[in-house]
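I set out to record what could be looked up in this structure. The entries follow the order in which I consulted it.

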Amino acid sequence: MTEHSESDQPNCIENIWRCRASCCRHLFFQIEPDDFSEWYWAFDVPEITRDDADYLILHGAKVLLDLVLVRKNDVKKVDGGYEVDSICKALMDDFTCNLHPDRKPVVCKELTAENVGLYHLTDGCVLGESGNSSPRF
Ligand code: SF4
Ligand code: SF4
């Protein structure tokens with residue numbers, strides 16, 4: 001979720017009851033998962049940063065060095081990768097972020113209308129042509 005903007009650019013606060021902060025309710029991986037156990041897929045994310053790990057853990061993933069474990073039942077194959085249904089623990093009932101503005105992960109702070117193309121796009125986001133804006137791993 002991006003910060004509120006005073007400009008005419010589309011922004012999150014004006015759209016949040018339509019998108020329901022869908023960017024905060026998914027993870028997205030461009031890489032193929034490996035079977036880790038009966039219950040978990042493992043995504044091997046190279047050179048994962050502490051900030052990325054914090055973001056992934058907020059979304060309920062387990063991070064073991066470069067391995068990111070997510071529950072198999074939450075994963076679905078979509079165009080370009082794998083989307084994981086996983087609501088961020090910082091997302092509040094009114095779809096705003098409990099860690100906004102200073103304590104949220106850098107990957108969340110950096111999302112803007114200008115760089116949204118670097119993020120994964122799904123339904124509901126006004127920043128991209130289609131969809132929300134979860135960081136890609
Ligand atoms: S930390 Fe905040 S902005 Fe980032 S995914 Fe969670 S609720 Fe959304
Ligand atoms: S889905 Fe798009 S418009 Fe909605 S909160 Fe996330 S970045 Fe903002």
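**Contacts and overall make-up**

I began with the contacts in the chain that have a separation of 6 or more, and I found that residues 24 or more positions apart account for 55% of them. I note at the outset that the model is predicted.

I then looked up burial: of the 137 residues of the chain, 34% count as buried.

For the secondary structure I recorded three helices and seven strands. I read their pattern along the sequence as α-β-β-β-α-β-β-β-β-α.

**The three-stranded sheet**

In what order do the three strands of the open sheet lie? I noted the order S1-S7-S6, with antiparallel pairing. Strand S1 (26-29) and strand S6 (75-78) are the edge strands, and each of them pairs on one side only. For the twist from one strand to the next I entered an average of 25 degrees.

I followed the pairing of S1 with strand S7 (residues 81-85) further and counted four bridges, in the antiparallel sense. As a point of reference on this pairing I looked up Leu27, whose bridge partner in S7 is Val84.

**Strands S2, S3 and S5**

I next turned to strand S2 (residues 34-35) and strand S3 (residues 40-44), which run antiparallel and are joined by two bridges. The connection from S2 to S3 is a hairpin through four residues. Which residue in S3 stands opposite Asp35? I found Trp41 in that position.

S3 is also joined to strand S5 (residues 67-71), and here I recorded five bridges, the two strands again running antiparallel. Within this pairing I noted that Phe43 stands opposite Val68 in S5. S3 therefore appears twice in my entries, since DSSP bridges numbering at least two are what define a pair: two bridges join S3 to S2, and five join S3 to S5.

**Surroundings of ligand 1**

My final entries concern the ligand. How many residues surround ligand 1? I recorded 11, and the closest are Cys24, Cys88, Cys97, Lys104 and Cys108.

I also looked up how the residues of this shell divide by character: 10 are nonpolar, none is polar and one is charged. Lys counts as charged and Cys as nonpolar, so the one charged residue of the shell is Lys104, which I had already listed among the closest.

Notes. Residues numbered from 1 in each chain as written. Chains lettered and ligands numbered in written order. Predicted model: local features only at pLDDT ≥ 70, side-chain atom pairs only at ≥ 80, totals over all residues. Near = placed C-beta within 6 Å. Axes fitted to C-alpha atoms, helices over the stretch in contact; angles between N-to-C directions. Buried ≥ 20, exposed ≤ 12 C-beta atoms within 10 Å, placed from the backbone. Contact = placed C-beta atoms within 7 Å.
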